[in-house]
Amino acid sequence: MRTLEPFLAEHPFLKDLAPEYIKLLTGCASNVRFDAGQFIFREGDEANNFYIIRHGKVTIQLFAVERGAITIQTIEAGDILGWSWLISPYICRFDAQAVELTRAIALDGKCLRNKCELNHDLGYELLKRFSHIIVQRLEATRLQLMDLYGAHK
Amino acid sequence: MVDTANPFIPTQYRIQKVLGETYDTFTVELVPLQDNDGFSFLPGQFNMLYVFGVGEAPISLCSDPAIETSIKHTIRAVGTVTSAIQRLGRGGVVGVRGPFGTHWPLDDAKGNDVVIVAGGIGLAPLRPALYQIFAHREKYGRIALLFGARTPHDILYKHELERWRGRFDVEIKVTVDSAINGWRGNVGVVTTLIPGAQFDPLNTIAMICGPEVMMRFTIKELQNRGVKTENIYISMERNMKCGVGFCGHCQFGPTFVCKDGPIFRFDRINTIFGKREI
Amino acid sequence: MGKNNKNTTEKVILKHDHFQTLIDLLKEREYRIVGPTLGEGAIVYDDLNTVDDLPIGWTDDQDGGVYRLKKRNDRAFFGYTVGPHSWKKFLFPSQLRLWKARRDENGFHIENDKNEIRKFAFIGVRSCDLHAISVQDTVFMHGIYSEPNYKARREHTFILAVNCGMAGGTCFCASMSTGPEATSGFDLALTEILQEKGEHYFVVETGTELGAEILLNVPHREAKKEEIHAAETIIKNTSQSMGRTMETKDIKDLLYRNYEHPRWDDVAKRCLTCANCTMVCPTCFCTTVEDVTDLTGEHAERWRKWDSCFTMDFSFIHGGSIRASAKSRYRQWMTHKLATWIDQFGTSGCVGCGRCITWCPVAIDITEETREIRKSEQTHSPNNSIKEGNNNENA
């Protein structure tokens, strides 16, 4: 899919990544679509992909037997979905479900993982970018934990 | 209006309407007991509301500044005075002193994009700014309203937000910290809406109101996108007794929040903002 | 106070036995005469009837946390410094009803509450306190709003200043450039002179037309060169015997740079947050309000009372106090007094009167706290890198 290369090169997440790496990523990329309600991955699945969302909305959920599915965060166009593919034991920690028709670019994490092992420069570049995503999510989660708007009586 | 000869004397207003907003917030519409020349204020300003024998509390004005015959306040019943206003209900009389304080930079924002970030009841003092922007829509660039609430039950001005969402000239994004079943909107803190919002960071005026922690992280996120510090405005909250800079309670470093604020251009307070116990 | 007039600066001599005439003249003009007098084991400010109400022959001994009355071996009228009171108790009463209201068929209405305020004549105002009055004038009258209660009291006040003949143990007006000589803000200013031969007189300087007018009817004569010189010598000696000094250079930025200085933890260990310093301070202006009702619930009143930034309630907003720790409250007070005040009102909030040092039960000394912060910057640069040892001393 030659057409994905310019898209990847321009995406803020991959900004300033060397052209040869973009090429390499393009080789691992494919267009995917998920219908409303469709699960993209589930907690406990092997984590073999990550996604660049192009359109739509995805919820990250945890399922609790007594309370049902609890949405922790929603992810929208422009966002990155999935980081477990890069961090052992490469198992999905949460459920991800499309709430509306969602189009994304899926990147083959399993393939990238192996390439990162062989090429640590690439590995470092990707790890830097994913750490940033993980830190953002952690910060957001900590703020959610504060119950910012609660009455605090 | 403030009696300049004696700014301590409240004017009586009748509660003409009470509108329940959420389970713990309500909006009162006030009309003057005696005829007056109308109440004019600027978006972001506040009044001191007095309940007979109970006391006074500072509350932001949340109505359309173009309407001078009545004013509105959205109130969260969490203190003695605010609970007393709730008990007074429709027909009750309150004392009003104000308007006090600084206002949102709606003139400076002309020709720019405007991003408004509100958390919880922080949406109330921003509503007059939105009314004014919509009344002069052509004077502004893109408008984004990013609103974070605790849960879907805590979303203020729901119908208005829905109506505004129907406009094609404003981007409205609402998110909740904690979702319930059936909520199909966004989940996550309000700061997560910033990276995806549509505005040109170099030509954007940002107006923020919410708890200080929320404003701190919002500012960081806006700065990450390249919004200039001098184009960020926040609304501060401190203890206020007099509203006119005499009682000393609302001091925040060298400023008095009641008269130098509540709206501050961020670069004027950034050296003390977020410092502990200032 | 009357209008200033440059032509009324000729110095004259007023004999001590004509001082009563001065008081009588002010009384005739329906002034309420207030000034120093003995009370509460100290020299306080209260109503004066005759010259004998002054603490004649008394002085005070002051140091950090120490105030003692002592007999002098002469009959000086003003042979002491400043006590626990300041003139703000008259211009800015510690408790004041702002208004009263009554319930009616329309809810409630505010009742007309016009109190006749008698004009004051302040007798024996020291230079530090003249500056303090001027500081409060700025706070209450020179902003967007004018505080009507203060203004009503202040506008017609007659001020008889006294140049200090001695400095107290906690005085530091000389280093704040606020004394000991009264240079403006008075109607009349006296320097008291007691000679060994028993001669007792005042060198009088006129500040306003009103002062000149009053003086006109008090027996006096032109001052001789040596008498003026004697007065100047007294002031000079006072200036050179200050109990404390405050280095004011760069003081605003010094404190702004040191919001996180470990000295604040140190002072917090000593500070009882008793608020004494704010009560005795002649410039502190913070107040709170209390809304009260009577038993019938038909009448309500709003009272304003002196408040202090040392209380927990002071900074309370929904959820908690902004300044919960003693450290932050002391820092707020001192930083306000010496730094933020300058940004707010264009002058320091400290006039060097030393009251906060004398009346602090644990003798915390604003000049010492400032000095320690300054010293640490000089010995440990860059600015606030202080050795950790400081914090562990009392652990």
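**Notebook: V213(B), its sheet and the cores**

I began with one residue and listed what V213(B) touches: leaving aside its neighbours within four places in sequence, V213(B) is in contact with L143(A), M146(A) and L148(A). I note at the outset that this is a predicted model, and I read every entry below with that in mind.

I then asked where V213(B) sits, and found it in helix α4 of chain B. Is V213(B) buried or exposed? Its relative accessibility is 18%, and because the cut-off for buried is under 20%, V213(B) counts as buried. I also looked up a partner far along the chain, and the C-alpha atoms of V213(B) and G274(B) turned out to be separated by 8.0 Å, although the two are 61 residues apart along the chain.

Next I followed the helix itself. Helix α4 of chain B, residues 212-224, lies across β7, β11 and β12 of chain B, and runs at about 165° to β11(B).

That led me to the sheet. In what order do the strands of the open sheet stand? I read seven strands in chain B, in the order β10-β9-β8-β7-β11-β12-β15, with mixed pairing. At the edges stand β10 (186-187) and β15 (263-265) of chain B, each with a single partner strand, so one side of each is left without a neighbour in the sheet. I checked the β15(B) end in more detail: β12 of chain B, residues 232-235, pairs with β15(B) in the antiparallel sense over three bridges, and S235(B) has I263(B) in β15(B) as its bridge partner. A second helix packs on the sheet, namely α2 of chain B, residues 127-135, which touches β7 (113-119), β8 (143-149) and β11 (204-209) of chain B and whose direction makes about 155° with that of β7(B).

I turned to the nonpolar cores. Which residues of the largest nonpolar core touch the most other members? Of its 92 residues, these are I208(B), L222(B), I232(B), I234(B), M236(B) and F122(C). Helix α3 of chain C, residues 127-141, gives the most to this core, with seven residues. I took I232(B) as an example and, leaving aside its neighbours within four places in sequence, listed its contacts as A206(B), I208(B), I219(B), L222(B), Q223(B), V227(B), F264(B), R265(B) and F266(B). Another core, of 38 residues, lies apart from the largest one, and C28(A), L81(A), L112(A) and I133(A) are among its members.

Last, I looked at two whole chains in turn.

For chain A, I counted four helices and eight strands, and from the N terminus on its elements run α-α-β-β-β-β-β-β-β-β-α-α. Its radius of gyration is 16 Å, close to the 15 Å that the globule rule gives for 153 residues, so chain A is as compact as a globular protein of that length. The C-alpha trace of chain A spans about 55 × 30 × 30 Å along its principal axes, and buried residues make up 46% of the chain.

For chain B, I found four helices and 15 strands. A compact globule of 278 residues would have a radius of gyration near 19 Å, and the 18 Å of chain B agrees with this. Its C-alpha trace spans about 50 × 45 × 35 Å along the principal axes, while buried residues make up 63% of chain B. The accessible surface of chain B comes to about 10200 Å², with 48% of this area belonging to carbon and sulfur atoms.

Methods:
Residues are numbered from 1 along each chain as its sequence is written. Chains are lettered from A and ligands numbered from 1 in the order in which they are written. This is a predicted model: local features need pLDDT of at least 70, side-chain atom pairs count only at pLDDT 80 or more; totals for chains, interfaces and linings use all residues. Side-chain values use heavy atoms; hydrogens and water are left out. Two strands pair if DSSP finds at least two bridges between them. Helices (H or I, at least four residues) and strands (E, at least two) are DSSP runs, numbered from the N terminus. Contact means heavy atoms within 4.5 Å. Axes are lines fitted to C-alpha atoms, for helices over the stretch in contact, and angles run from 0 to 180 degrees between N-to-C directions. The radius of gyration is taken over C-alpha atoms; the globule rule is 2.2 Å times the number of residues to the power 0.38. Buried means under 20% relative accessible area, exposed over 50%, partly exposed in between (1.4 Å probe, protein chains only). A nonpolar core is a set of buried Ala, Val, Leu, Ile, Met, Phe, Trp, Tyr and Cys residues joined through side-chain atoms within 4.5 Å. Accessible areas come from the Shrake-Rupley method with a 1.4 Å probe; for residues, only the protein chains shown count as cover.
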